[in-house]
Amino acid sequence: MIAEMIIDTEEFLAVLKRLKPRKTTKASLAEELYIALFNGEAIFCVRGVQTRCLVEKAINWRGYIEVNSGVVLSFLAARPAGPNIKLSVRGDVFQIENIKVPCKTMQSPEWITAMSFEAHLHDDPKAKPHTINLYCPKCGKKRGEFFKQKIVKQRELGDPPPPKYPSSRRCAACRHEWLEFNDLL
C-alpha cells in the first residue's frame, strides 16, 4: 500500500496525549497502535482506547496499519514544527515526518475497516450487554460498568435532586455517568 494522510499538528498532538499511558513502561511502549481512515477521520486505537481526529487530506489510504506505539508517542517529547503532519505508508514502512518504522498493513474497503475496528473494541456479542464494559465517552477508557440506579421513594430535605435522565453506565476511572440505549432493551 502506498498512501498518505495529512493531519493538523495540534489535533495530532491532542490524539497522542489521549493515547499516552499514565505509566510509561517498556510493555506499554511496545504495544501496537492501529491507524485507519474512516469518513474523513483518522482513527487511532491502542490498548482499548480509541480516538479520532479530522484529516486535512488523504491519498489512497485503504484499510489500516499496525505500528509500534512508542515511536509514534515520541512526538509528544519532540514537537513537530510545521502546521501539518504527514503520515505516509510505502509497502511495509510507515513514515511520520522524517522517522521511518516498519509496519503491518491491512488493505480493505472503508466499511470493512470500520467493522474491524468495532470488533476490535467490543467484547463477545453473545455475552449479556450488562456484563460488557463499554468505552467511556468522556475519557475513552473501557471502564464503563453497568449499574442500577437506587430508587428513592421518599426524598429527604437536603437530598440532591434526582437526575433529569437516568444513567445506566458509570466509568470506573473518571466516574462519568451516561445512558446506554442497549441497556434499556
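## A friendly tour of a predicted fold

Let's start with one residue: Phe146 is partly exposed, with a relative accessible area of 31%. Phe146 belongs to strand β11, which covers residues 144–146. Its C-alpha atom is 9.9 Å from that of Glu177, a residue 31 positions away along the chain. Keep in mind that this is a predicted model. The points below go through the open sheet, the helix lying across some of its strands, two hairpins, the salt bridges and the unusual backbone angles.

**The five-stranded sheet**

- An open sheet is built from five strands, and reading across it gives the order β4-β3-β2-β6-β10. The strands pair in an antiparallel way.
- Which strands stand at the edges? They are β4 (49–54) and β10 (104–106); each has a single partner strand, so one side of each has no neighbour in the sheet.
- On average, neighbouring strands here are turned by 20 degrees against each other, with direction ignored.
- Looking at one pair in the sheet, β2 (residues 32–38) and β3 (residues 41–46) run antiparallel and are joined by five bridges. Within this pair, Phe38 sits opposite Glu41 of β3.

**The helix across the sheet**

- Helix α1 spans residues 9–19 and lies across β2, β3 and β4. Relative to β4, the helix runs at about 175 degrees.
- Which residues of α1 are buried? They are Thr9, Phe12, Leu13, Val15, Leu16 and Leu19. Viewed down the helix axis, these buried residues fall within an arc of 155 degrees, so they line one face of α1.

**Two hairpins that share β8**

- Strand β8 pairs with β7 through four bridges, and the two run antiparallel. One matched pair is Arg90 with Val93, the latter being in β8.
- Strand β8 is also joined to β9 by four bridges, again antiparallel. Here Gln95 stands opposite Lys100 in β9.
- The two faces of β8 can be told apart: Phe94 and Ile96 make up the covered face, while Val93 and Gln95 make up the uncovered one.
- The hairpin of β7 and β8 has two residues between its strands, and Gly91 takes a positive phi near 70 degrees there.
- The hairpin of β8 and β9 likewise has two residues between its strands, and in it Glu97 has a positive phi near 55 degrees.

**Salt bridges**

- How many salt bridges does the structure hold? There are three.
- Glu4 pairs with Lys86, and their closest N and O atoms are 3.5 Å apart. Glu4 is in strand β1 (residues 2–8) and Lys86 in strand β7 (residues 84–90), so this pair ties together parts that are 82 residues apart in sequence.
- Is Glu4 buried or exposed? Its relative accessible area is 17%, and because buried means under 20%, Glu4 counts as buried. Its partner Lys86 is partly exposed, at 38% relative accessibility.
- Glu41 and Arg52 form another salt bridge, with an N to O distance of 3.4 Å. Glu41 lies in strand β3 and Arg52 in strand β4, eleven residues apart, and the pair links distant parts of the chain. Glu41 is partly exposed at 25% relative accessibility, and Arg52 is partly exposed at 36%.
- Arg170 and Glu177 form a salt bridge too, and their closest N and O atoms are 3.2 Å apart. Arg170 is partly exposed at 25% relative accessibility, and Glu177 is partly exposed at 34%. Glu177 is also the residue whose C-alpha atom is 9.9 Å from that of Phe146.

**Backbone angles worth a look**

- Most residues other than glycine have a negative phi. That makes a positive value a good thing to look up in the structure above.
- Asn60 has a positive phi of about 60 degrees although it is not a glycine. Where is Asn60 placed? It is in the loop between β5 (57–59) and β6 (64–68). Asn60 is partly exposed, at 39% relative accessibility.
- Glu97, another residue other than glycine, has a positive phi near 55 degrees. Glu97 sits in the loop between β8 (93–96) and β9 (99–102). With a relative accessible area of 37%, Glu97 is partly exposed.

How values were computed: Residues are numbered from 1 along each chain as its sequence is written. This is a predicted model: local features need pLDDT of at least 70, side-chain atom pairs count only at pLDDT 80 or more; totals for chains, interfaces and linings use all residues. Side-chain values use heavy atoms; hydrogens and water are left out. Buried means under 20% relative accessible area, exposed over 50%, partly exposed in between (1.4 Å probe, protein chains only). Two strands pair if DSSP finds at least two bridges between them. Axes are lines fitted to C-alpha atoms, for helices over the stretch in contact, and angles run from 0 to 180 degrees between N-to-C directions. Contact means heavy atoms within 4.5 Å. The arc is that of the directions from the helix axis to the C-beta atoms. A salt bridge is a side-chain nitrogen of Lys or Arg within 4 Å of a carboxyl oxygen of Asp or Glu.
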